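Trainee: I'd like to learn how to read a model like this one, feature by feature. Can you walk me through it?

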Amino acid sequence: MANRLKQIVSHLAGKEMSAELWQDVPLAPPDSIFQLTAAYKADTFPQKVNLGVGAYRDDNNKPWILPVVKKATSILLNDETLDHEYLPITGLADFTSAAAKLILGADSPAIKEGRTVSVQTISGTGANHLGALFLSRFYKFNGTPKVYLSNPTWANHHAIFRNVGIEPVDYAYYDPKTIGLDLNGFIEALNNAPERSVFLLHACAHNPTGVDPTQEQWKEIAKVIAAKKHYSFFDCAYQGFASGDLDKDAWAVRYFVAQGLPLLVCQSFAKNAGLYGERVGALHVVSADQETANRVKSQLSVLQRSEISNPPSHGARLVSLILNNPELFEEWKRDIQTMAGRIIEMRKELHRLLTEELHTPGNWDHIVNQIGMFSFTGISPKQSKELVEKSHVYLTGNGRISMAGLNSKNIRYFASELDKVVQGSASS
């Protein structure tokens, strides 16, 4: 039957066809992270470790439903006033207003002056896309539309901007020699870029390196951005997840707003509320004044309408309850501290094992200096491959690991296997 179909297609290919049969569509490569997860699941080795996952796991390597989310879910289930009608195009107003206060600060002048536009999106990915699409339509680029992305960055950033006709350009960010921030390279890129360039900035817990600027470094970065009249495209997927403190993790965004710098912020509640599958996010555009904000909102509504019509309600209602109820909000902050605290403890223990017990060659201070879910170990692609193939430790080829994948039961095994590949390279 398959051969017969091929014959028919081949026969028709020589003639003018009335419709496309897609036989020339190239096979796209699989997503590397999802491919890694699939390989992990298929592995039967009892001590296998998945350090590629970008989601929180508890000490038993299980997904954790936040207790506050369970409470909020129960409240929603028993609220007979709720229905399944459409939300407005820009989303649930109680959610978007509370989300804006969370990232910008309740006393933010941008909110008080009515010049912030907030739109509910399909998590952080949707916020990045809607923000990029808005720029592609209305931003007055200085030359060919480009966006400057940190090297490295979340892989999806490249695809999102290319899909709307904005070409990604790398800027120096990570220094492999120090396994830290290349501040001089970053500042140089800001200075060398044409005026009014768009720079995507990770607000906290940089993905994939875990390397963040200090507050003093952020001030230096902001100073150059102001001088060059650049536009800041903030991506904030880990507020509260980095340090355990919601306000501390929002510092850079709030500082930029206070300096009067033009910006937008993409916000996700996947990690900090454990609502990965509910796709809860928001895009916030800080405008010059209220009149401008109204025009921006009108155009964001048009773009959103043509793509998703309006966003889903359940996740937004959960987060809205948590953000607007003082008791639930305080409980959420404790839940965030539980997650962030466990990751910080894993960093400390991994550092201790490598330096004090195993005496692994090299300096491993970056493990505790980095922040958030991810850590760049500093190992080579060859060493990463060896860990996957010989040790059944699943991580990306650039040496990035998810600290959430480590726990009290597997951290010693991972440290030992990491030590082996580093020792092997040191002796060869």
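Mentor: Sure, and keep in mind that this is a predicted model. Let's begin with a single side chain: Val257 has 8% relative accessibility, so it counts as buried.

Trainee: What cut-off are you using there, and where does Val257 lie?

Mentor: Buried means under 20% relative accessible area. Val257 sits in helix H11, whose buried residues are Ala252, Val253, Tyr255, Phe256 and Val257.

Trainee: Which residues is Val257 in contact with, leaving aside neighbours within four places in sequence?

Mentor: Those contacts are Leu104, Ser108, Ala110, Leu263 and Val286. Look at Pro109 as well: it is 148 residues away from Val257 in sequence, yet the C-alpha atoms are 8.2 Å apart.

Trainee: Next, helix pairs. At what angle do the axes of H4 and H11 cross?

Mentor: For a pair like this, look at the approach of the axes and then at the crossing angle. The axes of H4 and H11 (residues 251-258) come within 8 Å, crossing at roughly 90°. That makes H4 roughly perpendicular to H11. On the H4 side the contact uses Lys101, Leu102, Ile103 and Leu104, and on the H11 side Val253, Arg254 and Val257. Sorted by class, this contact has five nonpolar and two charged residues, with no polar ones.

Trainee: Val253 and Val257 both show up there. Is there a general idea about spacing along a helix?

Mentor: An α-helix has 3.6 residues a turn, so residues three or four places apart point the same way.

Trainee: Now a whole helix. How many residues of H13 are buried?

Mentor: Count the buried residues against the length of the helix. In H13 (residues 314-324), eight of the 11 residues are buried, so the helix is largely enclosed by the rest of the structure. The buried set is Gly315, Ala316, Arg317, Leu318, Val319, Ser320, Ile322 and Leu323. Their cover includes helix H3 (67-77), helix H4 (93-104), strand S2 (116-122), strand S10 (280-286) and helix H14 (326-357).

Trainee: On to empty space. What is the volume of the largest pocket, and which residues are closest to its centre?

Mentor: Start with volume, then ask who supplies the walls. The largest pocket has a volume of about 1200 Å³. It is lined by 44 residues, and Ile33, Phe34, Gly54, Trp154 and Lys271 are the closest to its centre. Helix H2 gives the largest share of the lining, six residues. By class, the lining splits into 17 nonpolar, 19 polar and eight charged residues.

Trainee: And which residues line the largest cavity?

Mentor: Tyr171, Tyr173, Phe186, Leu201, His202, Pro213 and Trp218 do. The volume of that cavity is about 30 Å³, and six of its lining residues are nonpolar, one is polar and none is charged.

Trainee: Last topic, the backbone. Where are the cis peptide bonds you'd point out?

Mentor: Check omega. Between Asn151 and Pro152 the bond is cis, with omega about 5°, and Pro152 falls in the loop between strand S3 (146-151) and H7. From Asn207 to Pro208 the bond is also cis, omega being near 20°.

Trainee: Which residues other than glycine have a positive phi?

Mentor: Two to look at are Ile179, with phi near 50°, and Arg279, with phi of about 55°. Ile179 has 14% relative accessibility, so it counts as buried, while Arg279, at 29%, counts as partly exposed. Arg279 belongs to the loop between strand S9 (263-268) and S10.

Definitions and conventions: Residues numbered from 1 in each chain as written. Predicted model: local features only at pLDDT ≥ 70, side-chain atom pairs only at ≥ 80, totals over all residues. Heavy atoms only, no water. Buried < 20%, exposed > 50% of the residue type's maximum accessible area, 1.4 Å probe, protein only. Helix = DSSP H or I, 4+ residues; strand = E, 2+ residues; numbered from the N terminus. Contact = heavy atoms within 4.5 Å. Axes fitted to C-alpha atoms, helices over the stretch in contact; angles between N-to-C directions. Parallel < 35°, antiparallel > 145°, perpendicular 65-115°, else oblique. Nonpolar A, V, L, I, M, F, W, Y, C, P; charged D, E, K, R; others polar. 1 Å grid on protein atoms, 1.4 Å probe; cavity = no way out; pocket = protein on both sides within 12 Å on 5 of 7 lines; lining within 4 Å. Points joined across faces, edges and corners; volume = space filled by probe spheres on them.
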